[in-house]
Every structure is written in C-alpha cells, then in structure tokens.
Amino acid sequence: MSMTQAFNIALILVGDELLSGRRRDAHLPHFAGVFAARGLNLRQVWVVGDGREDIARVLGDSRRLHCPVLCCGGIGATPDDQTRQAAAEAFGSPLEIHEAGRHLLESLYRERTYPHRIRMVEFPQGAELIPNPVNQVPGFSLDRHHFLPGFPEMAWPMAEWVLERVFGEVDTAAALVTCRLGFRGVPESDLIPLLDAVGARHPKVKLSCLPSMRDGFPVEVGATGRSIDARAAIDDFHAGALGAGLAPHTLEAEAQDADA
C-alpha cells in the first residue's frame, strides 16, 4: 500500500481568531502527531473563518475526499458559531434538536437549558453524539465528519474517542516515522535521479527533499512511512548517494509530526 493509498484523514479548523492571528492554532501540530502514531496520512487541512457559506463550501470539498474528517470549532450557541448550520447546509440535512442531546442538556442545566443552551444540540438530522468528558456538552458526527469544539482541552479527548471508534486501538507498528539524510554543498537538482529511483523502488514511502537557505545551503532528504519501510528507503538512498560520491550524513529518525 503506497502512502497515497494509506488510510487518509483530513482536518478543518474554524474560527476568525485563527485567521486574524488573535489565537495561535494548537490543533494542527497536536493532530499531526496523533495521526502519525496511528499510521494515518493527513491528506489536507483547511483553516476557515466563522462565515456559514465559507464553512459549508469547505465541508462540500471535504466530503469529496471520501475519508474521515475532524472539524474543530464553531459548534457553540452564540451567533458567531455557524458550523452546525453550515453542516446542515452542506449535507442537505435540516437542523433539529437531538433528543438524546436535549435530555443530556436538561440533566446538566435544567430550566437554564432554555432558551439558549438548547442550541448546542441542534444538529443536522441523522447526527450521532460525540461524548465530551470535560463539560458533557456533546459534539456530533455525520457522514464521516466529526464536529468538535474549538477548545483543545475538549476537542482532543473527544477526537481520541472518535479515532478509537473509527480506527480501533493504536497499533504502534503502524506509526509513521521520517528517516532523514543531510547533504551539504550538494545542489538539490543533483538528488533528483536518486529521488526518482528510490521512490520507484519503495512505493510504500513518501520521499521529500527540503533545501535550506542556511550557510552552505544544506538539503535534507526524508523518507516517511512505517518504520521498517522508511528505514529501508533511506538506507537505499544512502547507498545510492555514496555510490554517486555525494557524501550524505545521517540525521536522527523522528516521529512524523509538525517538526518532521
């Protein structure tokens, strides 16, 4: 199975505060590591503001990926929370008060559930609840999309529940790692024949070539995949580089996360 054929997942981050820089996103680096530990290929990430039409458009795009999608943000009850309404539009499923959600809110807030808090369980018809271990107010799932709060303290444990339900327990043998080689004084273009050849011989691995503007213009070659596959590919690349007189040096293998 090639990297493009591996289990894919996508991520949508909602909030004007992310676009304006008022809040620094913490979700992407966190989920990149979580997905890699499960051997999941993060195929695409969207960052979108609070506008209903924009969120609905992104959801339409994400549906065409035909893979699980986590969506964080905008499911609260205030007027700027438009993700629930956008999901109803994108999925062609009208909003309705989720009965189990209503009972849950009433058990939490009693008469204070109405008239405003009840909006937090107005979900598209057919949605399933995602439990929230922090304040018990649920998220929801619909058609491989899983809608979570924007707060990392809530979204991250809720996402773990979703991932375990969809993919099962973590299989450490499936974790993605990046094995790396460094080159100094080697033009990136000189590595293209090796990248082509090694890539063809190791289709389960994704190769990358990252040049730098630092002193000496170093280039880093990475092989990302399951540990056994990534190491085999980087060893192959190392041997080919030595044979071509390119003198690589080995860099430490690392988990495939935001710093990989």
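Two residues are in contact here when heavy atoms of theirs lie within 4.5 Å. In this predicted model, leucine 59 is in contact, once residues up to four places away in sequence are set aside, with Ile12, Ala86, Ala87, Ala90, His145 and Phe147. Leu59 also belongs to the largest nonpolar core, a set of 29 residues in which Ile12, Leu59, Phe140 and Phe147 have the most contacts. At least two residues of this core come from each of strand 1 (8–14), strand 2, helix 3 (52–63), strand 3 (69–72), helix 4 (83–91), helix 5 (99–109) and strand 7 (139–142). Helix 3 gives the largest share, with 4 residues. Apart from this core there is a second one, made of 20 residues, which includes Leu181, Phe183, Val186 and Ala241.

With these cores in mind, the chain as a whole can be described. The protein has 8 helices and 12 strands, and its C-alpha trace spans about 75 × 35 × 30 Å along the principal axes. Of its 260 residues, 45% count as buried. When contacts between residues at least 6 apart in sequence are considered, 70% of them join residues that are at least 24 apart. The accessible surface of the protein comes to about 13,300 Å², and carbon and sulfur atoms supply 53% of that area.

Part of the surface is a nonpolar patch formed by Leu19, Leu28, Val45 and Val47, which together have about 300 Å² of accessible area. One of these residues, valine 45, is located in strand 2, which covers residues 41–48. Valine 45 has a relative accessible area of 31% and is therefore partly exposed, because that class lies between the limit of 20% for buried residues and the limit of 50% for exposed ones.

Two individual positions show how segments separated in sequence come together. Alanine 155 sits in helix 6, which covers residues 152–167, and counts as buried because its relative accessibility is 0%. Not counting residues up to four places away in sequence, alanine 155 touches His27, Cys72, Leu148 and Pro149. The C-alpha atoms of alanine 155 and asparagine 132 are 8.2 Å apart in space, although 23 residues separate the two in sequence.

The second position, arginine 144, belongs to the loop between strand 7 and strand 8 (145–148). Its relative accessibility is 40%, so arginine 144 counts as partly exposed. Arginine 144 and histidine 66 are 78 residues apart along the chain, yet their C-alpha atoms are separated by 8.1 Å. With residues up to four places away in sequence left out, arginine 144 touches His66, Cys67, Pro68 and Val69.

Cysteine 67, one of the residues touched by arginine 144, leads to the matter of disulfides. A disulfide is a covalent bond between the sulfur atoms of two cysteines. How many disulfides does the structure hold? The count is 0, and the distances at two of the cysteines can be followed in turn. For cysteine 67, the closest cysteine sulfur is that of cysteine 71, and no bond can be assigned because the 13 Å between the two sulfurs is too far. Cysteine 67 is buried, with a relative accessible area of 5%. For cysteine 209, the closest cysteine sulfur belongs to cysteine 179 at 16 Å, which is likewise too far for a bond. At 18% relative accessibility, cysteine 209 also counts as buried.

The backbone, finally, has a few places that call for a closer look. Most residues other than glycine have a negative phi, and most peptide bonds are trans. The peptide bond from tyrosine 114 to proline 115, however, is cis, with omega near 5°, and proline 115 is found in the loop between helix 5 and strand 5 (122–124). Arginine 110 lies in the loop between helix 5 and strand 5 and has a positive phi of about 55°, although it is not a glycine. Arginine 110 is exposed, because its relative accessible area is 61%. Alanine 247, also not a glycine, has a positive phi of about 50°. Alanine 247 is placed in the loop between helix 8 (227–243) and strand 12 (249–255), and its relative accessibility of 55% is why it counts as exposed.

Notes: Residues are numbered from 1 along each chain as its sequence is written. This is a predicted model: local features need pLDDT of at least 70, side-chain atom pairs count only at pLDDT 80 or more; totals for chains, interfaces and linings use all residues. Side-chain values use heavy atoms; hydrogens and water are left out. Patches are made of residues with over 30% relative accessible area and no salt bridge: like charges are joined within 9 Å, nonpolar side chains (Val, Leu, Ile, Met, Phe, Trp, Tyr) within 5 Å. Accessible areas come from the Shrake-Rupley method with a 1.4 Å probe; for residues, only the protein chains shown count as cover. A salt bridge is a side-chain nitrogen of Lys or Arg within 4 Å of a carboxyl oxygen of Asp or Glu. Buried means under 20% relative accessible area, exposed over 50%, partly exposed in between (1.4 Å probe, protein chains only). A nonpolar core is a set of buried Ala, Val, Leu, Ile, Met, Phe, Trp, Tyr and Cys residues joined through side-chain atoms within 4.5 Å. A disulfide is a pair of cysteine sulfur atoms within 2.5 Å.
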